Amino acid sequence: MSGSATPTSDTVSPRSQRFRDSVHNIPTPGTEVHRPKRYEPIVLNIYIVGSIGLLMICLGIVLEIALHISGRSNGFSVPEKNVITFVSTQFLTSFVPTLLVVPLAYFWAVADWMLRWYQPYVTLSEGNAPAARSILLDYIALNRLTTLYYSLKHRHWLINVSTLTALSAVFMQPLAGSLFQVRQVPYAAAATATSMRNVGLSTTINQLTSFLASAGYVDAAVYNNLQDPSFVHGGWSAAPFAPPAGSILNGTLAVNTTAIQTHVNCIKPTSFTTTNLTSSNVVLSATFSPSCNASLSLDPNDGPDQFSVTAASTCAPSYQDQNFQPVVFWYYHLSDNGDALGTAVFCQPSIAIFVVATTMNLNDGSMGACVIVEPFENTNNVTGNPLNGEAFNGVMFDASNNTYLIARSLAINSGIPGAIYHFASQQPNGPQSVFDDPYGFVNATKKIYTQYLSIAAQTIYFLPNNETIPAQLTSDLPRLFVESLPAHLLSMLFICIGIASLIVHVLHKRSRRNLWLTSPPGSIATIVALTSRSGFGDLLLPYDDVSRMNSNLAGLTFRLDKRTGAIVAEEDFGVGNTSDNTALLGGNGDYDMKMGVNNFSPLSRTSFKDKAEFESS
């Protein structure tokens with residue numbers, strides 16, 4: 001360099017009397033030689049870091065939104081069967097979220113590693129750095145917990161926050177693995193059902209097969225403790241409907257449909273007498289109102305327990321057909337001490353038709369409670385002519401010469417009171433306790449007779465039909481839930497890491513503005529290139545340990561030469577008997593922070609980034 005007052009190579013360095021340097025002999029990049037491009041790791045690119053940081057913040061916000069939607073919508077829909085048959089659902093819900101956050105955790109770990117890798121050079125670019133804070137500083141060799149300690153000690157706040165961020169990112173993986181859970185929960189959705197019947201009088205009612213089948217079911221229900229059949233619940237009998245096709249787990253189908261409510265209107269007599277006329281003739285007499293009474297003759301020799309049902313003709317209008325007349329159930333019991341006990345129950349069945357809201361259990365077909373929506377307004381042969389809303393009593397029928405009809409009529413006529421009496425016999429202390437209760441047989445008759453007429457109503461008051469009706473299907477479906485605690489923690493972690501990383505890397509980019517490295521700083525060749533002309537290597541031996549190197553370099557401060565980018569050492573003349581014994585890898589001591597740079601070297605004032613040729617003063 002012509003005209004420059006550059007020291008010769010055989011003179012003592014103006015920076016120190018302890019060694020000789022030849023940094024002044026290095027050609028000036030950009031003038032004498034080509035200026036290499038600055039090396040910048042892609043992971044420290046501010047646009048990449050900013051994008052990942054913003055992604056983390058967005059993920060935290062999205063996670064909170066997903067948690068809110070999960071709670072409001074009872075989870076998220078997932079296939080009922082696992083589409084990946086060779087792995088379990090639990091594996092997918094834990095492994096996939098973990099797999100998604102692994103790249104993020106890895107990115108911040110690498111970014112933290114890069115910042116720690118660069119820190120000695122950042123310190124050198126600021127100038128006036130003692131050995132412990134610069135050329136002896138090695139955060140890469142330390143684990144993160146130790147790095148936290150030394151970064152606090154040396155007040156490297158960006159390194160401290162970056163390391164905390166990298167440590168926090170480790171928790172993203174277990175939190176992501178516990179974020180989702182698939183549970184079987186009741187879930188309601190709009191659906192359709194097929195109504196298979198509507199209100200109408202059966203054309204085969206005179207064959208009595210519907211009544212006989214219903215009586216048989218009631219008798220079996222008493223003996224075997226059976227529940228109501230499908231579409232029957234208590235006194236309600238609903239028009240049958242079919243659920244949508246498909247296998248449904250623990251589902252219920254809610255619909256609005258037509259249902260018939262049966263009331264048997266049973267009462268006990270106001271007075272009752274048992275008269276023994278002869279040893280083979282006992283007369284039971286019951287009065288239910290001044291104009292309504294009935295009597296029954298029976299033979300005690302036919303058995304100690306007897307029951308029957310008769311039409312209460314005296315209690316019905318003279319024009320009323322026997323099929324619709326009120327009936328009287330009779331019960332007789334000869335106690336162990338020889339006392340003859342008897343009672344009667346008067347019943348006058350009636351029906352009412354409504355549009356109701358009800359449900360069907362899709363597991364066993366049982367019907368739930370019926371809630372009246374509105375009266376049934378349509379006119380048909382049940383509500384209008386010929387039935388005009390009257391209810392069949394189901395136990396008394398018109399006389400017939402048909403042998404089969406006579407047999408069916410007798411089976412029904414004896415089966416229903418027999419089922420009621422057997423129900424009473426199943427009570428604690430047998431039928432005696434039911435006779436002792438003033439309302440014992442009234443309640444027993446009401447229960448069994450109502451069930452019988454409700455079951456019979458399914459076939460005598462409904463006709464086949466096929467109509468699609470709206471429904472609501474509630475079933476146990478697998479739903480994907482976002483767990484509250486992991487979601488809150490992971491969301492907070494995402495947002496905090498994103499914000500902290502953005503701040504750290506923006507500030508760190510600013511602190512690297514005076515740093516111009518042309519190759520990765522970790523290789524041995526790079527270190528040799530940066531220090532081979534600096535001279536202070538003469539103070540060190542290959543076998544020096546950290547404490548010995550720190551002792552040999554005491555009293556020196558280090559910086560990057562702005563013209564060449566080389567690491568240069570200078571005597572700290574402002575410090576008397578300086579011994580900087582503080583090293584990152586061991587040893588303690590004090591040093592004096594001197595601001596400013598050495599004025600002896602004419603090479604220290606020209607920036608490495610300046611393209612202008614160096615001119616000496």
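**Exercises on a predicted model**

The chain of this predicted model contains 12 helices and 19 strands.

**Exercise 1.** Determine how confident the prediction is along the chain, and where the pLDDT is below 50.

*Solution.* Begin with the chain as a whole: the mean pLDDT is 85, and 90% of the residues reach at least 70. Next, turn to the N-terminal stretch. Residues 1–13 have a pLDDT below 50, and in the model this stretch makes 25 contacts beyond near neighbours in sequence. Finally, consider residues 575–617, where the pLDDT is likewise below 50; here the model shows 105 contacts beyond near neighbours in sequence.

**Exercise 2.** Describe the burial, the exposed surface and the contact pattern of the chain.

*Solution.* First, take burial: 45% of the 617 residues count as buried. Second, take the surface: about 30300 Å² is exposed by the chain, with 56% of this area supplied by carbon and sulfur atoms. Third, take the contacts with a separation of 6 or more: 72% of them join residues 24 or more positions apart.

**Exercise 3.** Locate Phe-91, classify its accessibility, and identify the surface patch to which Phe-91 contributes.

*Solution.* Start with the position: Phe-91 lies in helix 2, which spans residues 89–126. Then classify the residue. Buried means under 20% relative accessible area and exposed means over 50%, with partly exposed in between. Phe-91 has a relative accessibility of 38% and therefore counts as partly exposed. Lastly, identify the patch: Phe-91 joins Phe-95, Val-96, Leu-99 and Leu-100 in a nonpolar surface patch of about 460 Å².

Technical notes
Residues are numbered from 1 along each chain as its sequence is written. This is a predicted model: local features need pLDDT of at least 70, side-chain atom pairs count only at pLDDT 80 or more; totals for chains, interfaces and linings use all residues. Side-chain values use heavy atoms; hydrogens and water are left out. Patches are made of residues with over 30% relative accessible area and no salt bridge: like charges are joined within 9 Å, nonpolar side chains (Val, Leu, Ile, Met, Phe, Trp, Tyr) within 5 Å. Accessible areas come from the Shrake-Rupley method with a 1.4 Å probe; for residues, only the protein chains shown count as cover. A salt bridge is a side-chain nitrogen of Lys or Arg within 4 Å of a carboxyl oxygen of Asp or Glu. Helices (H or I, at least four residues) and strands (E, at least two) are DSSP runs, numbered from the N terminus. Buried means under 20% relative accessible area, exposed over 50%, partly exposed in between (1.4 Å probe, protein chains only). pLDDT is the predictor's confidence in each residue, from 0 to 100. Contact means heavy atoms within 4.5 Å.
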